[in-house]
Structure formats: C-alpha cells, structure tokens
Amino acid sequence: MKQTIEIRKSVYIALMAVLICVCSWITIPFMVPFTMQTFAVFCSLLILGGKRGTAAIGLYLFMGLIGLPVFSGFRGGIAHLIGPTGGYLIGFLFSGIIYTLWEPLLSGRKMLRWIVLALSQIVCYLIGTLWFITIYGRQNISYSFLSALSLCVLPFIIPDCIKMVLAVILCNRIKKYVDL
C-alpha cells in the first residue's frame, strides 16, 4: 500500500513537470509575448504542495539541463539555463522553496496563500533580473537594475498576475480530485 502511494506521488510530480514543459511551449502573443510556464509552476505548487511542487520544477529544469527541448521555443540544454534569461528558470526553483517554507502557515488562510505566491514570483523576478544583469555585464553590456526590470519584469507583471488568478481558481477545483 505504501509503495502504491509513493508511486502515485512520483507520477503526480512527473505529470506536473510535463505540464510545465507543455505550458512553456504555449506562447501568448502580446506586446511582449509570454508563455504559460508560470501558470504551470503555480499549479504545481498549489496542487502538489511545496515539496512535491518544487520537485516537479526541479525535474523540469533537469530535463532542460540534459538537453530535452522543454523550455520556451522548444529549446533545452545548459546554454539556455546559463544564458541571459536562465535566471528566471532557476528562479522557479527558488519560488518553490519560498512556497515550501511558508506552506505550514497557509492552511485555511487564502489571503496568505496569495501573498506567498506573489512573494515567490517576486523572488523569481529578483533572481532572474540579477542573473540577466550579471550575464550581460560579463559581455561588457551594462544594464542598471531599473532598466533590466523595465525590460524583463514590468511587461510580465500583469500577465503573471492573471496566470496566478487562473491557477488558484483552477487548482481550487482540481485539488479535491488529486489523491496525495
């Protein structure tokens, strides 16, 4: 029985990693195109919880690291992870860690759940932006923190907020069918 439960948990982690992959390929055309990847990261954390959701994010990153085309634009490989936008991908992992650390306080506190999701996204933005500045700085291209934010974060705030709302609404309905 215990082995069956562990297998089920592993399958859910793998399924959420695949959902992140699929959502990274879905591009929504806008002034600045964006993917549904963040939506899937939020769903992983909301449905599986912090530890398993973070494991799904880690599995997704590992698949991309070894070269599977799981990142946006059907790309993969270490070059994409260490490139200018790789910090945002790595930031997803830190988002999961933030969510995991706060999770014990979230039971029944809907507003706090929203705040923690937003905080986890802010951490992702921060890590990604600092990474972006560092990578370009090594190429003697200078970006101030504010200019990097205006280029890499500001266009995505509203779409990411919409994805967060959609994830919370969907996951509240789906979670009761997930047997963990």
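Q: Which residues lie nearest the centre of the largest pocket, and how many residues line this pocket?
A: The residues nearest the centre of the largest pocket are T35, Q37, S72, T85 and F156, and the lining has 23 residues. Two or more lining residues come from each of β2 (34-35), α2 (37-48), α5 (86-102), α6, α7 and α8 (154-174), where helices (DSSP H or I, at least four residues) and strands (E, at least two) are numbered from the N terminus. The model is a predicted one, in which local features need pLDDT of at least 70 and side-chain atom pairs count only at pLDDT 80 or more, whereas totals for chains, interfaces and linings use all residues. Residues are numbered from 1 along each chain as its sequence is written, and side-chain values use heavy atoms, with hydrogens and water left out.

Q: What makes a space a pocket, and how much of it lies in the largest one?
A: On a 1 Å grid over the protein atoms alone, a pocket is an open set of points with protein on both sides within 12 Å along at least five of seven lines, its lining residues having an atom within 4 Å of a point, whereas in a cavity a 1.4 Å probe fits but cannot get out. The largest pocket holds about 640 Å³ of space, a volume filled by probe spheres set on points joined across faces, edges and corners.

Q: Why is the contact between E6 and K9 called a salt bridge?
A: The closest N and O atoms of E6 and K9 are 3.6 Å apart, and this pair is called a salt bridge because a side-chain nitrogen of Lys or Arg has to lie within 4 Å of a carboxyl oxygen of Asp or Glu. Both E6 and K9 belong to helix α1 (residues 2-25), where they are three residues apart, about one turn of the helix.

Q: How do you know whether E6 and K9 are buried or exposed?
A: Buried stands for under 20% relative accessible area, exposed for over 50% and partly exposed for what lies in between (1.4 Å probe, protein chains only). K9 has 18% and is therefore buried, while E6, at 39%, is partly exposed.

Q: How many salt bridges does the structure hold, and what N to O distance is found for D160 and K163?
A: There are two salt bridges in the structure, and in the one between D160 and K163 the N to O distance is 2.9 Å. D160 and K163 are three residues apart in helix α8, about one turn of the helix, and both of them are buried.

Q: Why do C21 and C23 not count as a disulfide?
A: A disulfide is defined as a pair of cysteine sulfur atoms within 2.5 Å. The cysteine sulfur closest to that of C21 is in C23, at 9.5 Å, so the two are too far apart for a bond. The sulfur of C23 has its closest cysteine sulfur in C43, and at 7.2 Å this pair is also too far for a bond. The count of disulfides by this rule is zero. C21 is buried at 6% relative accessibility, and C23 is buried at 5%.

Q: What makes the nonpolar surface patch, and which helix gives the largest share of it?
A: L59, F62, L65, I66, L68, I78 and I82 make a nonpolar patch of about 620 Å², with helix α3 (residues 50-65) giving the largest share, three residues. Patch residues must have over 30% relative accessible area and no salt bridge, with nonpolar side chains (Val, Leu, Ile, Met, Phe, Trp, Tyr) joined within 5 Å and like charges within 9 Å. I66 is exposed at 53%, and I66 is found in the loop between α3 and α4 (78-81).

Q: What is notable about the phi of F74 and of N140?
A: Most residues other than glycine have a negative phi. F74 is not a glycine, yet its phi is positive, about 55 degrees, and N140, also not a glycine, has a positive phi of about 60 degrees. F74 sits in the loop between α3 and α4 and is exposed at 52%, while N140 sits in the loop between α6 (110-138) and α7 (145-152) and is exposed at 75%.

Q: Why is L117 called buried or exposed, and what of K110?
A: L117 has 0% relative accessibility and so counts as buried, whereas K110 has 67% and is exposed. L117 is found in helix α6, and K110 lies in helix α6 too. The C-alpha atom of L117 is 18 Å from that of L19, 98 residues away along the chain, and the C-alpha atom of K110 is 29 Å from that of T27, 83 residues away along the chain.

Key:
Areas by Shrake-Rupley, 256 points an atom, 1.4 Å probe, with all protein chains shown as cover.
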